[in-house]
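Biologist: Before we go through the contacts, please put the structure up. I want to know how each label is justified.

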Amino acid sequence: MQVTTQPYDPGPAAWNSILPEARSYPQLKTNITADWVVIGAGFAGLSAAKRLHELHPNDSIIVLEARRIAEGPAGRNSGFMIDLPHNLTAEDYVGELNADVIQTRMNRHAIDFAEAASIEYQFTPEAFVKSGKINAAATSKGTKHNHDYAHHLDHLNEPYTLLDEKHMRAICGSDYYQSGLYTAGTAIIQPALYVRELAAGMAKSGGVSFYENSAVTEYKKQAKHWLINTTKGSVSAPKLILAVNGHVESFSHFKRRLVHIYLYASMTRQLSNNELESLGGEDSWGFTPADAMGTTVRKIAGIGGHRIVVRNQITYNPSRIADQTKLARFAQKHQQSFIARFPMLNTVNFEYTWGGALCLSRNNVPAFGELDEGLYSACCQNGLGTVQGTLAGILAAEQASGIDSDFLRQTLSLSQPSRLPPEPFATIGANVVTKWGEIKAGKEL
Ligand SMILES: Cc1cc2nc3c(=O)[nH]c(=O)nc-3n(C[C@H](O)[C@H](O)[C@H](O)COP(=O)(O)OP(=O)(O)OC[C@H]3O[C@@H](n4cnc5c(N)ncnc54)[C@H](O)[C@@H]3O)c2cc1C
């Protein structure tokens, strides 16, 4: 089977660019054999490799990545590993109560796994911080979303703290926000650092070998093995885990069942001491928008200096390739959202603007399970890929190893991603929904 489309994300992977030069891994240029192959070095692929190594410490595990590690979506996101319900297709993130209770337990399992890895491999503290997060509201409608969300949290028996305008200003230095809702269970990561250090930890401890710039172009079953061809080499192994997110469709699975979108973000240049003084607030904080279509904002203070990161704008890309030429327009939109929030920083420009792929399904389920003998999928993470990618990787490794668990049974009991409407209706529908969502988000954008 040919792999039809290779991954592409427009613009620089800023989180990776602000770090010192990364450790590099070789390109696969020979024909090798292994016990396990994982394709994709995002949250799902790295977590699958780690769990496989825990379960089979003497086995050889190969991870193939089309690009450099941390250059793909796993190193391009906003870094919120959220434990609570976060359904992007619902205006206020929540779903049905029982499903949300189970999802929260599963999300926490993934966050615990990430935290354990951060301790085992002695991550740089900034890579993984269990800081909690704030749902920030700039309008009365956003505040109402937060109150509705709080009401749902009451039913889930989950604690939270409501923050007023003054408290929000004390945190972020801006009087843009009317209110906030703080919950403690979220981990905030520096995504590129997290991904790099997770891979480096495994590489150092042995058992897992990484190949970068090794895009898989073709794969086929040969007797009891999978033969996986890359641009310059090949691996043969009895078991293969696909951890390529929406690109599972490029591997000929879940065709016309996955929604391929891109999200966009910008990061400022480093802020000077004077600028930091005029901004005020805390050193680092993270706000998700109370309205799912609004703007995510982070203030960071770490290896890459003090900066602000803004994320909004969505495009629907059924071809799985985004249009690089739209970045300049999105950078302007980001600038507007930035200046509206931080007028005291009106001379600060963005150093980076980028996009990254995200995969959803219409019924908010993953593309998960055994697809063929010895072939497993840990793909389509919906709105919470840092957490659900981690979980999918853990569970795919367990399923492939014949290990049973409540979480695995729960995931296998979900229905398949539902079919998309035919074109052009799917594209028209997606564009109308995103445009209308952005208009309705108003000042939350
Ligand atoms: C701007 C932005 C903000 C976001 N913010 C958040 C957030 O705050 N919280 C959150 O939970 N999620 C967020 N996300 C989503 C999150 O980044 C993704 O859902 C997550 O990266 C998915 O993890 P994954 O491991 O399944 O897939 P990916 O991270 O996409 O990893 C898949 C890997 O497979 C590789 N691959 C694909 N095809 C091949 C091939 N043929 N051969 C070899 N390798 C291949 C790719 O290069 C890629 O590295 C955001 C995304 C973006 C773009």
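Biologist: What makes the pairing of asparagine 77 with an oxygen atom of the ligand a polar contact?

Modeller: This is a predicted model. In it a polar side-chain atom of asparagine 77 lies 3.3 Å from an oxygen atom of the ligand. The cut-off for a pair of N or O atoms is within 3.5 Å, so the pair counts as a polar contact.

Biologist: Which backbone atoms make contacts of this kind with the ligand?

Modeller: A backbone N or O atom of alanine 44 lies 2.9 Å from a ligand oxygen. A polar backbone atom of serine 78 is 3.0 Å from a ligand nitrogen.

Biologist: How much of the ligand does the protein bury?

Modeller: The ligand taken alone exposes 1000 Å², and 97% of that is buried by the protein. Elements giving two or more residues to the shell are α2 (43-55), β19 (350-360) and α9 (385-400). The ligand is surrounded by 35 residues, with Phe43, Glu65, Val216, Gln381 and Thr386 the closest. By class, 19 are nonpolar, 12 polar and four charged.

Biologist: Why is the pair of aspartate 83 and arginine 108 called a salt bridge?

Modeller: Their side chains meet at 2.8 Å, N to O. The limit is 4 Å between a side-chain nitrogen of Lys or Arg and a carboxyl oxygen of Asp or Glu, so the pair qualifies. The bridge links distant parts of the chain: aspartate 83 sits in the loop between β4 (80-81) and α3 (97-120), and arginine 108 in helix α3, 25 residues apart.

Biologist: Is aspartate 83 buried or exposed?

Modeller: Buried: the relative accessibility of aspartate 83 is 1%, and the label applies under 20%. Arginine 108 is at 30%, which lies between 20% and 50%, so arginine 108 is called partly exposed.

Biologist: How do you know that lysine 144 and aspartate 148 are about one helical turn apart?

Modeller: They are four residues apart in helix α4 (residues 140-156), so the separation is about one turn. Their side chains form a salt bridge at 2.9 Å, N to O. Aspartate 148 is partly exposed, at 32%.

Biologist: What makes arginine 409 and aspartate 406 a salt bridge?

Modeller: The closest N and O atoms are 3.5 Å apart, and the limit is 4 Å. Both residues lie in helix α10 (residues 406-412), three residues apart. Arginine 409 has a relative accessible area of 47% and is therefore partly exposed.

Biologist: How many salt bridges are there by this rule?

Modeller: The count is 18. A network of salt bridges links Lys50, Arg51, Glu54, Glu120 and Glu398.

Conventions. Residues numbered from 1 in each chain as written. Predicted model: local features only at pLDDT ≥ 70, side-chain atom pairs only at ≥ 80, totals over all residues. Heavy atoms only, no water. Near = heavy atom within 4 Å. Polar contact = N/O pair within 3.5 Å; in protein donor to acceptor, adjacent residues only side chain to side chain. Areas by Shrake-Rupley, 256 points an atom, 1.4 Å probe, with all protein chains shown as cover. Nonpolar A, V, L, I, M, F, W, Y, C, P; charged D, E, K, R; others polar. Buried < 20%, exposed > 50% of the residue type's maximum accessible area, 1.4 Å probe, protein only.
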